[in-house]
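Trainee: I'm new to this one and would like a close look at a single part, the nonpolar core. Could you walk me through that part and then show me how the rest of the chain sits around it?

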Amino acid sequence: IQSVTKVFTEFRSEAFALNWSAISVSVMTLAIVFLTPRRVSQWVPSPLLALLIVTPLSILLFSDSSLAAKGLTALPRIGEIPPGGLSFVVPNFNNHFNVIIQAGLMLAVLGAIDSLLTSLVADNISQTRHNSDRELIGQGIGNAVAGLFQGLPGAGATMRTVINVKSGGKTPISGMVHSVILLIVLYIAGDLASTIPNALLAGILVKVGLDIIDWRFLLRAHRLSAKTAAVMWGVLLMTVFWQLIGAVLVG
């Protein structure tokens, strides 16, 4: 009886310690992204709709002042986006040549793996076939130029690509529009973006994560071959319980 009472007490204390405002925001987000009718989402993607509806509601219902007055934990948000612009900087090859080469090779390999993995996911969803050479050459040129302007190296992002395709993006122009919008947010709309709750983004990522999974392949992988199923399940389990890059390399 004492053990049961102890477990119940711990559960109750942990339950009350949960951030219920964050849970409410995530539930609202999930409801919008899963229940938005197709005739609406073909014009306004459901993740964007959730962003436009839930963010103002979170400010209205879960402001820091109202939560503090009730003795509740504040709702975590993206927060202030550091201001700043692009500035041209030439790398110091004389003093940092070895570091530049080592880090460049490492990032190139990791970026290539991530981009090719993302390309395969996009092919699966859109029933198309990507050009690996064009993807990697474009990525290399883009990262080289970005480095001259103090930009961080980038690669194909599976989550972002899935949202893009599911929202109707069919050409490279959609990715360019995404980059332009991020630049606008950085320079103009940083204050607005800072109010977006983290729980809202988590809700959107849950929907995107489910969209990424090829459920039909999971069910029929063992029928193709035992080796195919072993590689697929091995990479899946290592990704969940270890790390993505290591799982891809082993697979």
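Mentor: Let's start right there. The largest nonpolar core has 18 residues, and those with the most contacts inside it are V25, I32, V54, F62, L75, L200 and I204. Three helices each give two or more residues to this core: α2 (20-35), α4 (46-61) and α11 (198-212). Keep in mind that you are looking at a predicted model, so a word on confidence helps. The mean pLDDT of the protein chain is 83, and 92% of the residues reach 70 or more. Among the elements, α2 has the highest mean pLDDT, at 92, while helix α1 (residues 2-17) has the lowest, at 56. Where pLDDT is low, the predicted coordinates should not be read in detail.

Now pick one core residue and stay with it for a moment: I204. You'll find I204 in helix α11. Its relative accessible area is 9%, so I204 counts as buried, the cut-off being under 20%. Leaving aside residues up to four places away in sequence, I204 touches T29, V33, P47 and I163. Another of the well-connected core residues, I32, is 172 residues away from I204 along the chain, yet their C-alpha atoms are separated by 9.5 Å.

While you're at α11, have a look at K207 too. The charged end of K207 sits over the ring of F34, 5.8 Å from the ring's centre.

Next, follow α4, another of the helices that feed the core. A quick sanity check on its shape: at 1.5 Å a residue, the 16 residues of α4 should span 22 Å, and the end C-alpha atoms are 21 Å apart, which agrees. The buried residues of this helix are S46, P47, L49, A50, V54, T55 and S58. You have met two of those names already: V54 is listed among the core residues with the most contacts, and P47 is one of the residues that I204 touches. What covers the buried residues of α4 includes α2, α3 (38-41) and α11.

From that list, zoom in on S58, which lies in helix α4. Its relative accessibility is 0%, so S58 is buried. Not counting residues up to four places away in sequence, S58 touches V25, S63, L75, R77, T195 and P197. V25 and L75 should ring a bell, as both are named among the core residues with the most contacts.

Now let's step away from the core and look at a spot with aromatic rings. The structure holds one aromatic pair. F88 and F149 form that pair, and the arrangement is edge-to-face, with 5.6 Å from centre to centre and 70 degrees between the planes. F88 lies in the loop between α5 (64-69) and α6 (93-126), and F149 in the loop between α7 (132-148) and α8 (158-166), so the pair ties together parts that are 61 residues apart in sequence. How open are the two rings' residues? F88 is exposed, with a relative accessible area of 52%, whereas F149 is partly exposed at 33%.

Right after F149 along the numbering, try Q150, which is also placed in the loop between α7 and α8. Its phi is near 60 degrees, a positive value in a residue other than glycine. With 56% relative accessibility, Q150 counts as exposed.

One more stop, toward the end of the chain: G246 lies in helix α14 (residues 244-250). G246 is buried, with a relative accessible area of 9%. Compare its position with that of W20: the two are 226 residues apart in sequence and 35 Å apart in space, C-alpha to C-alpha.

Finally, zoom out to the whole chain. The secondary structure comes to 14 helices and zero strands. Along its principal axes, the C-alpha trace spans about 60 × 55 × 45 Å. Of the 251 residues, 21% count as buried; I204, S58 and G246 are examples you've now visited. As for how the chain meets itself, take the contacts between residues at least 6 apart in sequence: 66% of them join residues at least 24 apart.

Methods: Residues are numbered from 1 along each chain as its sequence is written. This is a predicted model: local features need pLDDT of at least 70, side-chain atom pairs count only at pLDDT 80 or more; totals for chains, interfaces and linings use all residues. Side-chain values use heavy atoms; hydrogens and water are left out. A nonpolar core is a set of buried Ala, Val, Leu, Ile, Met, Phe, Trp, Tyr and Cys residues joined through side-chain atoms within 4.5 Å. Buried means under 20% relative accessible area, exposed over 50%, partly exposed in between (1.4 Å probe, protein chains only). Helices (H or I, at least four residues) and strands (E, at least two) are DSSP runs, numbered from the N terminus. Contact means heavy atoms within 4.5 Å. pLDDT is the predictor's confidence in each residue, from 0 to 100. Rings of Phe, Tyr and Trp (its six-membered ring) pair if their centres lie within 6.5 Å; planes under 30 degrees apart count as stacked, over 60 as edge-to-face and the rest as tilted. A charge sits over a ring if NZ of Lys or CZ of Arg is within 6 Å of the ring centre and within 35 degrees of the ring normal. The expected span of a helix is 1.5 Å times one less than its number of residues.
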